[in-house]
2 protein chains.
Amino acid sequence: MTNDISTPAVVIDMMIAQRNIEKLQAHCDQHNIPLRPHIKTHKLPCMAKRQIQAGAIGITCQKIGEAEVMAQAGIEDILITYNILGQHKLDRLVRLSTKCRLSVVADNAHVVDGLAKTFAKAERPLEVLIECDTGAKRCGVQSAEEALVLGRLIHNASGLSLGGLMTYPPMGDQALVNNWLEKARNLLISKGLPCPKISNGGTPNMSRAQDVTIATEHRSGTYIYNDRSLIEAGLCRIEDCALSVKATIVSKPTKDRAVIDAGSKMLTSDLLGMEGFGLIKEAPDAKITSLSEEHGILDLSNTNWSPKVGDQIHIIPNHVCVVSNMVDYVYLVEPDKTIKAPVLARGLVT
Amino acid sequence: MTNDISTPAVVIDMMIAQRNIEKLQAHCDQHNIPLRPHIKTHKLPCMAKRQIQAGAIGITCQKIGEAEVMAQAGIEDILITYNILGQHKLDRLVRLSTKCRLSVVADNAHVVDGLAKTFAKAERPLEVLIECDTGAKRCGVQSAEEALVLGRLIHNASGLSLGGLMTYPPMGDQALVNNWLEKARNLLISKGLPCPKISNGGTPNMSRAQDVTIATEHRSGTYIYNDRSLIEAGLCRIEDCALSVKATIVSKPTKDRAVIDAGSKMLTSDLLGMEGFGLIKEAPDAKITSLSEEHGILDLSNTNWSPKVGDQIHIIPNHVCVVSNMVDYVYLVEPDKTIKAPVLARGLVT
């Protein structure tokens with residue numbers, strides 16, 4: 001049925017996606033870790049619903065626009081792991097908070113001030129978690145003491161309730177993350193502040209999520225599709241990758257060079273430290289050496305595979321989350337049918 | 001007026017874009033080179049119309065979907081510089097050919113066969129140019145002799161007319177490109193084949209387009225906006241860059257680190273050989289050292305600039321064409337008004 005799909009196209013094997021959903025859920029259930037999947041990877045309400053159906057406690061979004069789409073589709077519990085700034089966004093946040101159980105994060109007083117002023121007049125208080133930089137060096141307060149200062153601001157704001165701590169952790173040292181969060185939580189509690197939730201995350205470390213014993217939930221996104229970066233990290237196999245980019249050989253100028261109709265507009269330039277721009281399922285030893293916007297260049301010099309113009313291939317992207325964001329729709333392949341589904345939460349930058 | 005724009009957002013200074021359009025057109029007029037702008041950079045019918053209004057002979061598209069949008073908006077002369085394969089696309093091409101003066105390219109017999117069979121029954125023949133690999137090592141026939149073989153196939157197909165040669169040239173050696181094309185043209189003509197058009201392209205070499213004396217037209221895309229890669233190449237100044245990504249400082253976890261709300265979903269991971277992910281107009285000495293999907297990390301260790309949370313900045317992207325493709329709409333800033341314009345030809349992958 002997928003033979004009719006014009007290339008390039010993003011195709012998703014729903015059997016594999018469902019298996020991936022159930023596998024991580026089973027792992028989390030076994031270790032008593034509530035799972036809150038990050039929808040940035042799929043940006044599809046139908047996938048979020050499958051995750052909830054399997055046992056997830058809610059979802060994570062990175063943008064208000066994503067959360068608006070998911071709430072509209074009936075998802076009831078949404079955490080936006082982002083500092084929200086600007087009155088227009090804050091007003092949208094108030095409206096959103098009437099449609100789902102909403103929580104957000106903050107790592108600085110400016111953000112807390114905006115939330116506090118806007119929600120002072122709202123129907124119910126907004127739950128705010130303190131974002132903590134446990135070593136990933138992105139956002140987050142730098143110490144337990146900074147967490148305490150911000151926690152007091154949140155706790156004392158009439159429109160806000162202090163939800164606890166949240167971190168996007170560095171990969172690798174789970175004990176370090178655990179210690180950081182434990183110290184901050186203990187300081188908050190010792191000063192009379194509540195700290196009911198501790199939200200940890202990341203797909204590369206999901207198999208060891210249970211090692212951050214202090215966490216009350218885990219956020220993970222990429223696991224639903226998996227990708228080449230996770231294969232390289234030894235965390236999944238080719239046959240666990242649900243999403244691939246279907247492409248056609250449009251040119252074969254020389255014996256050693258073929259050109260496909262998927263370029264950076266489909267595969268993106270994300271390398272994540274790897275060589276080449278994706279893994280060709282039909283010929284893992286062929287290399288995608290460079291991309292223009294609409295062309296991908298294949299180096300065939302080290303493979304016996306010899307594709308012809310018109311042949312179709314399937315590529316596992318280096319980084320799957322960014323590929324979902326490139327296309328207006330994806331093809332969901334079930335055993336008995338293929339559905340062309342709009343990626344409703346793509347491109348929602350604000 | 002742009003203070004009201006929620007970030008991140010793509011904003012375009014229309015005064016600069018118009019100046020860029022007129023500047024390259026004046027250069028081409030001076031050297032008698034017909035200009036056929038590539039719309040992949042802006043993906044906006046209103047910009048294509050400005051280019052035509054300034055004197056361009058038509059436009060270049062890379063995808064049928066882009067050409068469909070442009071024809072629908074009234075653009076009359078469109079070259080699609082891509083090997084078109086697959087019956088669904090070929091059928092769309094027939095319909096498109098009734099709506100504008102259409103031409104395409106081909107670099108192999110498989111593509112010519114598909115075009116020939118489909119257009120055998122069409123109202124008028126489709127013009128096909130032979131794509132030539134003059135050194136850029138992407139698509140294209142490898143020699144004048146290969147061009148002759150393909151030219152005969154096109155010329156002898158009842159539904160097709162041989163339009164001549166097309167190349168996406170390597171940067172740098174204009175004489176080499178000229179010699180390659182001259183040899184192919186002379187061979188075609190010596191064998192009784194027509195070769196009325198020779199289409200050359202590229203923005204980095206546009207100021208020396210006239211050195212490829214054999215070309216009958218030049219295709220250029222990036223010049224309308226310019227970007228950091230062209231600043232680095234010495235081909236434009238910061239004040240010639242029409243497009244910037246407006247972003248907000250959402251976090252400042254340490255003295256040396258700030259975080260903005262523009263990540264790879266806005267700026268893309270395209271480096272084009274440079275360091276960092278864009279040029280901050282307010283602080284060119286600050287570095288955008290890494291991107292997550294929704295976060296950009298700024299290294300402030302080598303700048304006196306000290307932004308606060310809530311401050312807004314403007315970033316000139318490394319590669320502007322791919323940024324246009326990330327957003328559903330852009331803000332067109334005129335002296336007296338700002339228009340939110342849908343990027344009608346974005347994401348049209350087929």
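Colleague: Which residues is Leu93(B) in contact with, leaving aside its neighbours within four places in sequence?

Modeller: This is a predicted model. In it, Leu93(B) is in contact with Ile64(B), Ile80(B), Ile84(B), Leu102(B), Val104(B), Leu115(B), Phe119(B) and Leu126(B).

Colleague: How should I read such a cluster?

Modeller: In soluble globular proteins, nonpolar side chains tend to be buried together. Here, the largest nonpolar core has 60 residues. Those touching the most other members are Leu93(B), Ile78(B), Ile80(B), Leu115(B), Ile130(B) and Leu160(B). Helix α7 of chain B, residues 174-190, gives this core its largest share, six residues.

Colleague: Which residues does the second, separate core include?

Modeller: Among them are Ile59(A), Cys61(A), Ala106(A) and Val112(A). That core counts 58 residues.

Colleague: Now the rings. How many aromatic pairs are there over all chains?

Modeller: Two, from a search of the whole structure. Tyr329(A) pairs with Tyr331(A), edge-to-face. Their centres are 5.8 Å apart, with 90° between the planes. In chain B, Tyr329(B) and Tyr331(B) also pair edge-to-face, at 5.8 Å centre to centre and 90° between the planes.

Colleague: Why does Tyr331(A) count as buried?

Modeller: Buried means under 20% relative accessible area. Tyr331(A) has 12% relative accessibility, so it counts as buried. Tyr329(A), at 29%, is partly exposed. In chain B, Tyr331(B) is buried at 12%, and Tyr329(B) is partly exposed at 29%.

Colleague: Where does the charged end of Lys340(A) sit?

Modeller: Over the ring of Tyr329(A), 3.9 Å from its centre. Arg138(B) has its charged end over the ring of Tyr168(B), 4.2 Å from the ring centre.

Methods. Residues are numbered from 1 along each chain as its sequence is written. Chains are lettered from A and ligands numbered from 1 in the order in which they are written. This is a predicted model: local features need pLDDT of at least 70, side-chain atom pairs count only at pLDDT 80 or more; totals for chains, interfaces and linings use all residues. Side-chain values use heavy atoms; hydrogens and water are left out. Rings of Phe, Tyr and Trp (its six-membered ring) pair if their centres lie within 6.5 Å; planes under 30 degrees apart count as stacked, over 60 as edge-to-face and the rest as tilted. Buried means under 20% relative accessible area, exposed over 50%, partly exposed in between (1.4 Å probe, protein chains only). A charge sits over a ring if NZ of Lys or CZ of Arg is within 6 Å of the ring centre and within 35 degrees of the ring normal. A nonpolar core is a set of buried Ala, Val, Leu, Ile, Met, Phe, Trp, Tyr and Cys residues joined through side-chain atoms within 4.5 Å. Helices (H or I, at least four residues) and strands (E, at least two) are DSSP runs, numbered from the N terminus. Contact means heavy atoms within 4.5 Å.
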